[in-house]
Amino acid sequence: MKKTLLSTLFIILAAMLLPGIAQAEQTIVKNGKATARIVTDRSDAVNLQAAELLQDFVKRISGASIDIVDGKAKRGDVVIGEGSTDGLTEDGFRLQSRGDVLYISSGGDKGAIYGVVTLLENYLGVAYYAAGALDVPQMSTITLPVIANHHENPAFRYRQSQNYSMASDPLYRLWFRLEEPKDEFAGGNWVHTFNRILPSDRYGESHPEYYSFINGKRRPGHASQWCLTNPAVFEAAAAQIDSIFRANPGKTMISVSQNDGNFTNCHCPECEKVDKEEGALSGNFIRFMNKLAERFPDKQFSTLAYLFTMHPPKKVKPLPNVNIMLCDIDCKREVPLTDNASGRDFVTALEGWSKISNNIFVWDYGINFDNYLSPFPNFHVLQKNIQLFKKNHVTMHFSQIASSRGGDFAEMRTYMVSKLMWNPNLDCDSLMQAFMNGYYGKAAPYIYQYSKMIEGALLASGKDLWIYDSPVTHKDGMLNANCMKAYNELFDKAEAAVAADKKYLDRVRLSRLPLQYSQLEIERATGIKDAAATAAHLDLFESRVKEYNVPTVNERNNHPVDYCKLYRTRYLAHRGNNLAAGAKVTFGEAPSGNYGELGKTALTDGLYGGTTFVESWVGWEGKNAEFVVDLGKETQIKSVSIDCLHQLGAWILLPKGVKYSVSTDGTTYTPLGEYYRAEDRDPSVKFVEFKVEKPALARYVKAQVEGTIECPSWHYGVGHASWFFIDEVVVE
């Protein structure tokens with residue numbers, strides 16, 4: 001009797017300590033029929049959304065309709081919104097089996113939804129890669145394993161990224177646990193908000209004193225900053241901010257942040273006094289934000305630490321409800337931020353902010369914004385950078401990677417970034433291979449080999465990887481002829497491996513576009529040797545961007561079909577005999593900086609520049625230009641033109657105009673004509689010809705180019721020197 005009693009007590013104790021021993025697997029669908037229910041509080045919008053998500057996928061997997069009900073759970077049910085919340089933070093969740101019931105509990109916000117996503121992904125085999133790339137297993141019986149205690153909390157409370165899939169499938173954002181500014185920021189006021197809060201169109205004329213004092217005068221304008229030491233600015237801004245919060249009940253955060261542009265801060269005596277005291281241009285901004293934080297203690301104020309405000313002040317500390325949005329825009333990406341000079345400067349800023357704030361939002365950049373369709377092999381740095389952010393008190397993170405359709409590994413880039421923002425300690429190589437195997441099928445080994453090869457080639461080249469780069473920069477490095485040949489051979493094998501499956505073949509071909517684009521860019525920049533071959537490459541590229549609906553080649557929304565049309569007329573078209581080809585150029589007003597030496601040949605070498613100013617172009621900053629082209633002998637001419645770049649984002653504005661004159665002796669010049677044009681505010685990148693047609697006898701052709709000199713009030717660089725760029729002089 002005593003022995004039997006002890007045995008019984010042992011079994012009871014074991015069952016209490018190890019509840020999984022007493023449980024069997026939980027069947028929720030059997031032979032196409034639901035055997036369980038989803039129990040939740042239907043009045044809770046998030047819990048109901050989580051329940052409907054699970055219901056939807058149970059139907060997709062098995063064809064069974066599982067009911068969503070209120071009330072108490074029965075054996076076999078799935079309960080959403082109840083269960084242990086110990087240790088869970090915002091968006092965190094727990095999956096736990098107890099008494100033949102699966103409980104999905106939440107730490108708040110979307111935790112229940114993310115718990116369901118994890119159940120589907122980790123336990124039921126659903127895999128999601130991008131819009132149109134969702135793999136759902138098919139089974140008539142769905143059995144859940146016993147889950148003792150699966151709980152997760154996000155590394156960052158706010159996680160933001162980009163992908164074209166968000167616009168086409170609302171599930172994408174939920175699945176990858178991404179958030180958007182509208183979720184957090186009142187009235188959509190998220191970054192570069194000074195002009196939204198106090199519009200210069202409204203206040204500029206009546207209150208110029210509200211705006212930056214730059215180079216001797218006040219500069220009201222869309223890109224001008226505020227005079228932050230002016231008490232009237234604070235009161236006007238506070239009144240506007242109060243009205244924004246009142247119009248957006250439930251929202252407690254707003255961005256009050258500098259307009260886009262560098263060194264456009266106020267230089268009035270009072271502002272410069274603060275700058276000197278704080279030892280950093282951010283000091284004035286933090287003092288201003290602290291005043292707002294004190295005025296509205298129940299609200300959060302996010303402000304940019306961006307370009308000229310990246311480094312922290314020496315004295316003032318942000319109040320707890322001041323959020324520092326720190327941006328690493330000027331950093332190179334070929335190695336982690338800790339491993340090159342530009343990155344280490346940012347790390348110094350990050351560590352400085354982390355010493356005075358636990359409320360930091362890092363805005364990281366991870367794609368080539370001037371050339372989305374260009375290889376950008378930075379996957380090897382993602383994890384280390386995100387771990388660095390987490391280590392330094394970062395609680396919110398935006399990985400700006402564009403992920404426009406057709407962009408370099410757009411689908412995999414968001415897949416990996418989103419998972420690392422949730423858990424920075426995941427194995428990156430495993431993530432990459434899991435994605436590739438699912439997304440590319442049998443082509444995956446070749447695509448994987450390509451990704452590793454180009455990464456190694458970048459590192460071996462010693463070239464920087466920049467977010468405003470050109471493929472031409474890497475023509476002797478990771479995109480040299482031997483590398484390009486090897487890459488294309490791998491893609492040929494990848495296409496052959498999935499030739500019978502259009503779904504996978506399309507994905508491989510979409511991912512090949514950056515190589516094809518790079519080949520075209522390098523061919524036009526180095527001089528097209530075989531026009532027929534280049535035309536064939538262009539035709540194939542154009543057919544693919546049309547087939548796959550690729551929307552843009554860069555952040556300025558230049559369409560790839562327009563790129564192809566321009567390529568034909570600008571680079572492939574047969575041009576008339578340019579009498580200035582190879583001619584000697586001498587300068588009266590020389591180009592700026594290193595462009596002076598380049599200008600001796602680049603203006604007459606016959607090579608037309610592309611959308612990125614880092615190759616072929618010759619630039620002048622904050623001044624006019626004057627140069628003379630020596631044709632070598634007296635020649636009858638009929639026209640003269642220069643080719644100019646328009647790229648507002650890089651502070652490159654078109655010249656106001658040009659005056660041409662000609663001479664037979666190099667001493668006495670006769671006016672030939674002039675070409676002036678209206679100001680152009682179009683953000684698209686474009687090429688504009690400044691041409692005069694008039695017959696004349698000449699050996700020497702002089703061009704006197706009138707620049708804009710400084711950026712106007714509507715531009716990012718208001719009050720500062722503007723650039724103009726020329727790449728070719730044509731005399732016919």
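User: What makes N549 count as exposed?

Analyst: In this predicted model, N549 has a relative accessible area of 58%. The cut-off for exposed is over 50%, so N549 is called exposed. You'll find N549 in the loop between α19 (531-547) and α20 (560-572).

User: And what is there to say about the phi of N549?

Analyst: Phi of N549 is near 55°, which is a positive value in a residue other than glycine. L307 also has a phi near 55°, and that residue isn't a glycine either. L307 sits in the loop between β16 (300-305) and β17 (322-327).

User: How do you know whether E521 is buried or exposed?

Analyst: Check its relative accessible area, which is 2%. Buried means under 20%, so E521 is buried. E521 is part of helix α18.

User: Which residues is E521 in contact with, leaving aside neighbours within four places in sequence?

Analyst: Those would be N371, P471, V472 and Y563. 

User: What makes the E521 and R524 pairing a polar contact?

Analyst: Their side chains come to 2.9 Å, and the limit for a pair of N or O atoms is within 3.5 Å. The pair therefore passes on distance, and it's listed as a polar contact.

User: Why is α18 called mostly covered?

Analyst: Just look at the count: 20 of the 25 residues in α18 are buried. Each of those falls under the 20% cut-off for relative accessible area, so "mostly covered" is a fair label.

User: How do you know how the reach of α18 sits against the expected span?

Analyst: Helix α18 covers residues 502-526, and from first C-alpha to last it reaches 35 Å. At 1.5 Å a residue you'd expect 36 Å, so the reach is close to the expected one.

User: Where does α18 bend?

Analyst: The bend is at R512 and comes to about 35°. A proline, P514, follows within four residues.

User: What is found at the ends of α18?

Analyst: At the N-terminal end, D501 acts as a cap, with a side-chain oxygen 3.1 Å from the backbone nitrogen of K503. After the helix comes G527, with a positive phi near 95°.

User: How many disulfides does the structure have, and how do you know about C227?

Analyst: A search of the whole structure finds zero. For C227, the closest cysteine sulfur is in C268, 3.7 Å away. A disulfide needs the sulfur atoms within 2.5 Å, so that pair is too far for a bond. C227 is buried, by the way, at a relative accessible area of 3%.

User: What about C428?

Analyst: Its closest cysteine sulfur belongs to C331, 19 Å off, so that's too far for a bond too. With a relative accessible area of 15%, C428 falls under the 20% cut-off and is therefore buried.

User: How many of the chain's residues are buried?

Analyst: Buried residues make up 56% of the 732 residues in the protein chain. The chain's secondary structure comes to 21 helices and 26 strands.

User: How do you know how confident the predictor is?

Analyst: The mean pLDDT of the chain is 94, and 97% of its residues reach 70 or more. Over residues 1-22, though, pLDDT stays under 50. For that stretch, the model has one contact beyond four places in sequence. Where pLDDT is low, predicted coordinates shouldn't be read in detail.

Conventions:
Residues are numbered from 1 along each chain as its sequence is written. This is a predicted model: local features need pLDDT of at least 70, side-chain atom pairs count only at pLDDT 80 or more; totals for chains, interfaces and linings use all residues. Side-chain values use heavy atoms; hydrogens and water are left out. pLDDT is the predictor's confidence in each residue, from 0 to 100. Contact means heavy atoms within 4.5 Å. Buried means under 20% relative accessible area, exposed over 50%, partly exposed in between (1.4 Å probe, protein chains only). Helices (H or I, at least four residues) and strands (E, at least two) are DSSP runs, numbered from the N terminus. The bend at a residue is the angle between axes fitted to the seven residues ending there and the seven starting there. A polar contact is a pair of N or O atoms within 3.5 Å; within protein, one must be able to donate a hydrogen and the other to accept it, and residues adjacent in sequence count only if both atoms are side-chain atoms.
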